[in-house]
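Visitor: I would like a close look at one helix-helix contact and what surrounds it. Please start with the residues.

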Amino acid sequence: MDLTTTYMGLNLKHPVVASASPLSGTLEGMKRLEDGGVAAIVMFSLFEEQIRHDNEAFSHLMESGTQSFAESLSYFPQTDAYDVGPDSYLELVRRAAEDLGIPVIASLNCVTSEGWVQYARQLQEAGAAGLELNIYGVHADLELSGEQVEQGYIDILKTVKSNVAIPVALKLSAFFTAMGHFAKRLDAAGADALVLFNRFFQPDIDINELEVQPTLPLSSAGEIRAPLLWIALLHGHLKASLGATRGVEDSDEVIKYLLAGADVVMTTSALLRNGPDYATRMVEGLRQWMEGRGFESVGQMRGAMSHRNVANPRAFERANYLRVLESFKSQYR
Amino acid sequence: MQSSVVTTLEGNEAVAYTAYRLNEVCAIYPITPSSTMAELADQWAAEGKPNIWGNIPLVVEMQSEGGAAGAAHGALQTGALTTTFTASQGLLLMIPNMYKIAGELTPAVFHVAARSLAAQGLSIFGDHSDVAAVRNTGFAQLASSTVQEAHDMALLAQATSLEARVPFVHFFDGFRTSHEVNKLTLIADEHMRAMIDPALVRQHRARGLNPDNPFIRGTAQNPDVYFQARETVNPFYAQLPAILQERMDAFAALTGRSYHLFDYYGAADAERVVVIMGSAAQTCRETVAYLQRQGEKCGVVNVRLCLPFSAEHFLAALPASVKAIAVLDRTKLPGSTGEPLYTDVVTVIAEAQANGSLPGGSMPRVTGGRYGLSSKEFTPAMARAVFDELRAAAPKNHFTVGINDDVSHTSLDYDPAFDIEPDDVMRSLFIGLGADGTVGANKNSIKIIGESTPLHAQGYFVYDSKKSGSQTVSHMRFGPNPINSPYLIRSAGFIGCHQFNFIEKMDVLESARQGAILLLNSPYGADEVWDHLPRSAQQQIIDKQIQLYVIDASSVARETGMGGRTNTIMQTCFFAISGVLAREEAISKIKESIRKTYGKKGDEVVQKNFAAVDQTLANLHRVEIPRQADSSIEIPPVVSHEAPEFVQRVTAAMMAGKGDQLPVSALPIDGTYPSGTTRWEKRNIAAFVPVWEPDICIQCGNCSFVCPHSVIRGKFYPEALLASAPEGFQSAAINGRGFPDTRYTLQVYVEDCTGCGLCVEVCPAKSLQQSGVKAINMKPKEAILAPGRQSVGFFEQIPVNDRSQVDFSSVRGTQFLEPLFEFSGACAGCGETPYVRLLSQLFGDRAVIANATGCSSIYGGNLPSTPWTSNGEGRGPAWSNSLFEDNAEFGLGFRLSADQHLEMARQLAQELKGQLEPALVDEILDAPQIAESEIRAQRLRVAQLKAALMKLDSEKARDLLSVVDHLVRRSVWIVGGDGWAYDIGSSGLDHVLASGRNINVLVLDTEVYSNTGGQMSKATPLGAVAKFAAAGKPVAKKDLGLQVISYGNVYVARVAMGANPQQTLLALREAEAYPGPSLVLAYSHCIAHGINMQHGLRQQDLAVASGHWPLIRYNPALRQADKNPFVLDSPRPTVKLKDYALNELRYKMLSRTHPAESEHLMGLAQQVVDQKWDIYEEMASRSGSHFHPDAAVKL
């Protein structure tokens, strides 16, 4: 049986990929993921803002309280020989690229155009097989239009693409008015893959403490719906590969995403809950399902249930909504 | 390395640069002002920098200077080239080994940043008292008078020592030279190699102990040979001066820098000559040059080799024409015939006269004087006064200069206005805050000018006596010729006032010369600033025709993301206005330097600084000066008119920076100062202060409990008192049953607050409706200052709550106990002082405290003001600091006195019982004194006894009166930091704890030497970075608690106020009540941890939650009741060690410098935590019989 797939130009032994998580925070963790059977690893995101913040904090704390009192003019050894910025991340990429037999895709989140360019180049030099741009932000500026937001993504993509030769994926939020049109624009701008969808930052409110709670629980299987819909709709319309993420609990979700048209299926929560070895079980589940259905390759099953190929394409469109309403009515008649 | 590299360095670095290259082993220990040398040596070793032979020296921190000298002795005896760096008390601790090292004719150089010795008070500043105290050891002594010389002499001492086989103390003036930044030419490595004969190095090695060539050294000698053996060394001392001069000549040939054992400057036919050593020789040299231009026949001998003192070389240096000599010593030998240099010169002259070898033939008059103790200024005016005095027919002998001695009348008068500084030197003063980065920027300016232009540069920095809100004054000189003026600037052409409030409260323009520039960081623009200046400042600006420039640097800093650091902005202004460099050139060099300084810290830091530079010029404006001073603003008095007379006359002068002008008669004769003077200081250093919300407050007392500066206090009182309360005085109904018509007030002392915010962090009460609002919140001070001051005034009139009515056992109760430690100079958010304050609240009125040198002795006893205070009855902690190393023993001495005098009092009371009320005496002698109510009752009884004794006219009655206070149980506390308890005072502490005596030890454990700037101690945790552990500490922290528990009869507690304040309170009370020795280890977060101090308590909590700092109590009293004495007060660890540790720069730094090692050490540290926890848990689950009983303490 042929489980291989191609994602953003990378040939993978099967379609189950580890998405960004604490597991990819160390070389040891990444080796465990590889041993656990994933076909590729998307590393945890390198956040420019975090680096900037850390550098400023580092600099501030180094100077805090210094040059004030004659006996203690400083509090730490004065050395210039320390890592700043992405050094440790780059080192991790470098070691992972050397030590691992599977592709390692670096993930990047920046806040300045210099950051995107500088870090993307450095990640390429460090040996990343590909880059995932984790463009992410709550557009709290009420003057910003949807068109401007989309253009921002296009600009970042073009900037990065013009500076690196390795494939570049975009991880997207589900909250675009015209997702299909936007996906086509990104495709035209050179995206090598689109990853649907990242998890939108939605804080909670603690009613006892009157505080905003920035918690992000692990995803659950119910979250598969939005990515599933858009992968099904986009399959066959783009040059870019499609990566599916969110809500992958088991091989069932892997199968669903592949049927909808995904080239790879990414998971964090299942591996965090069940351990890295769970990847092998998911792949095994996929194989058994394929065998049971007589599929010989992933390529064969990919997109079998996409908007283009499904028996009733309208089920992915408004009819989907109508049917929900109908069932709602019937329940209480 | 290339030849002739010109750079700018601080004296300490200049010396360390040489010493590090010439040695194989450095045995070190931190002590101000020498610490930097040791720190650099350690850092260079960690960075793998080699010495001139290509080896990386081994740098080892010891537990004390005594230990460093011992290790140095051992390394020298086994053939390694070895050095150490020290000062002051540290050098004294080395004395025993110094005798050995010299007696064994061992080549070595100890580099000393010469400093005062603790006598009537400690001083960290410079003089020659320490080197004078080691004159008998057999070490040669070589003095340097400039940064360049100190760099060079370090080599000359080493080269000579190897050949002469006599060890050297190489010294230079602490702070004045050790901390001065100056331009110098580095000695090239090839020149160092040329100066050190490798054969001599090999001979030194060959003399080392070696089992392949065995011998013994270090015998015990008897009356038959000791004396003769002691005399064997004479030829070595005799030939040393010639060897040194030969090395100096060789050095001159290599480098062009020529030195002599005695360098004479001045007229060839001089009649008046000053003999002096150290930096002041430069002052004399400048003065001599000036006086010569005035036609005066004078000169100065700069003594370099002061021991052995070469009569031959000295006499050769002295002009034959000399008629009068003044010898100036920077030390004092009370009761002597004169200070050491003076007596040496007198001896040499007298002997030469006697044997006819005196040049010129006639005996000059020789006088001796003292100057410059504890970095007291020695200016050309003072030097001139000395030369002038030598004209007198009978010049004053044994004089002092630089002070007004109105007691013994030793001092010479001088004209403070005498100014000889050349016009081609640009002199600038910058007055800033420690926190605004002024000093750093100025050091940077020196680098810019000194290293990238032909100009010479000198910088010297004067710091505050406080650790929070401290003021700094930078004295900077720039000029075309080498600058060696080792005194402060008195007449400045440029004054930068980096905080506007300085000009509101002090005379910033005192040192401004005619036509000077004043650069003012002002929130007011060029059009309005004039109206906000005090009248005296306006008048000086007009009279001195000062050019005034303003910039709102604080706004520019805020807008460009620089926060409170205005340094780059003010630096840019200086370059833009002063003209020291062309403006464009200066700006490009500033940016270049920013890139160099901050490049490694990330581009964003660089860009922010660039933005600040770019924004500066647009915001810099010159102010049109009106013709008349019209301000109604006056500089306020330093202290209130209500302050005690001593505070107004003496303390206030020190606070105002006028302490130099106090005469000898103004000062206490024996170092005794009044308590409680910080209350008069009103430093007003916080921009934001806590504001109380009575309606939200639950009156828990947490805020008051954690306040490091005792500025949050609670009182409850009858409601009727509010009738006279000022408007805005806040109160709430007391939150508790049984107190009708009683109000509660939580008062914030706004003028004394440092704005740390710990109170807000710890406040558990939140508004039910408004997010982010607590019962106490930080708000800008300006708007609430005036009403706040009034409220404090009223609050102080409300009676302090009766101690016998306060619940001592709850955190809530303690807020009603008057703090007897207040408004100290500790860092904002200090983690130590809340424990100290709590101690003062609980036991202060009967406590006597021995305090080890360190942070707590500095914020506790650094003049001008004193935070230890007394209550309304006039009782309060009696506090003293002896030394760093002896604190436990010092405190035990307090106990011994108390025990002895208590016994005496009991005996006398028994003997006098018949003449007194017998029942009262019996009650006094049998009274329990554990609970506060019992102590209050005893106080009343003792008062009655005193009254009765006053009526008796007998020796015994008078004797009993002299010790009667001891009948109230005295609380003896021994307080210090981990540097003392774990390292230098460790053996003393161990011994005192083993004494069984009723002493209480409070260790304020910051896990690092905080006061001297963050060096590793044995309390430093595994994996943390500290100075001397730049690559992370590879050894786990010593578990002092477990060690002491092994005695069985010592009460031991480990506490962390931020994790469990109730346990802290309980432990302190149990420790004090336990009638044997007690040890309380208190986790003290610290600025040296590299944390936002506002989150200090959160880190304490995490330290406990991670298992790094388990809370324990070991109470031998429980063992005596057959219970398990070991109680584990904290729950099992709930977070990983790294989740606590990596919030702190001390751990995080290693993850950036050595990521793999950081991960490795953090893993080991986690294992240590896990294993330790298992041990504690097992101990906590034992039965009492598994701990050994003891007979030492009877309960």
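Which residues in α27(B) meet which residues in α36(B)?

Guide: This is a predicted model, in which local features need pLDDT of at least 70 and side-chain atom pairs count only at pLDDT 80 or more, while totals for chains, interfaces and linings use all residues. Residues are numbered from 1 along each chain as its sequence is written, and chains are lettered from A and ligands numbered from 1 in the order in which they are written.

From α27(B), Leu838(B), Leu839(B), Leu842(B) and Phe843(B) meet Leu1068(B), Arg1069(B) and Glu1072(B) of α36(B) (contact: C-beta atoms, placed from the backbone, within 7 Å). By class, five residues of this contact are nonpolar, none is polar and two are charged (nonpolar: Ala, Val, Leu, Ile, Met, Phe, Trp, Tyr, Cys and Pro; charged: Asp, Glu, Lys and Arg; polar: the others, Gly among them).

Helix α27 spans residues 833-843 of chain B and helix α36 residues 1061-1073 of chain B (helices, H or I of at least four residues, and strands, E of at least two, are DSSP runs numbered from the N terminus). The two helices pack at an angle of about 50°, with axes 11 Å apart (axes are lines fitted to C-alpha atoms, for helices over the stretch in contact, and angles run from 0 to 180 degrees between N-to-C directions). α27(B) is therefore oblique to α36(B) (under 35 degrees is roughly parallel, over 145 roughly antiparallel, 65 to 115 roughly perpendicular, the rest oblique). The crossing of α27(B) past α36(B) is right-handed (the near helix is turned clockwise from the far one by less than a right angle; anticlockwise is left-handed).

α36(B) also lies across strands: β31, β32, β33 (1051-1055), β34 and β35 (1112-1114) of chain B, at about 160° to β33(B). Those strands appear in an open sheet of eight with mixed pairing, in the order β30-β29-β31-β32-β34-β33-β35-β36 (chain B) (two strands pair if DSSP finds at least two bridges between them). The edges are β30 (878-880) and β36 (1126-1128) of chain B, each with a single partner strand, so one side of each has no neighbour in the sheet. From one strand to the next the twist averages 15°. Within the sheet, β32 (residues 1000-1005) and β34 (residues 1078-1083) of chain B run parallel and are joined by six bridges; Asp1005(B) has Tyr1083(B) in β34(B) as its bridge partner. Another helix, α29 (residues 887-912) of chain B, lies across β29 (847-851), β31 (971-977) and β32 of chain B, running at about 175° to β31(B).

Chain B has a further open sheet with mixed pairing, this one of seven strands in the order β3-β2-β4-β5-β7-β6-β12. Its edge strands are β3 (58-61) and β12 (305-307) of chain B, each with a single partner strand, so one side of each is left without a neighbour in the sheet. Here the twist averages 20° from one strand to the next. Six bridges link β5 (residues 109-114) and β7 (residues 168-173) of chain B, a parallel pair, in which Phe110(B) is partnered by Val169(B) of β7(B). β2(B) and β3(B) are also parallel, over four bridges, and Ile28(B) has Glu61(B) in β3(B) as its bridge partner. Along β2 (residues 25-28) of chain B, Val25(B) and Ala27(B) point one way, Cys26(B) and Ile28(B) the other, and all are buried (buried: 20 or more other C-beta atoms within 10 Å of the residue's own; exposed: 12 or fewer; partly exposed: in between; C-beta atoms placed from the backbone).

Strand β10 (residues 272-276) of chain B has five of its five residues buried, so it is largely enclosed by the rest of the structure. On one side are Arg272(B), Val274(B) and Ile276(B), and on the other Val273(B) and Val275(B). β10(B) pairs in the parallel sense with β13 (residues 324-329) of chain B over four bridges, and with β11 (residues 298-303) of chain B over five. Val273(B) stands opposite Ile325(B) in β13(B), while Val275(B) is bridged to Val301(B) in β11(B).

Terms used: Two residues are in contact if their C-beta atoms, placed from the backbone, lie within 7 Å.
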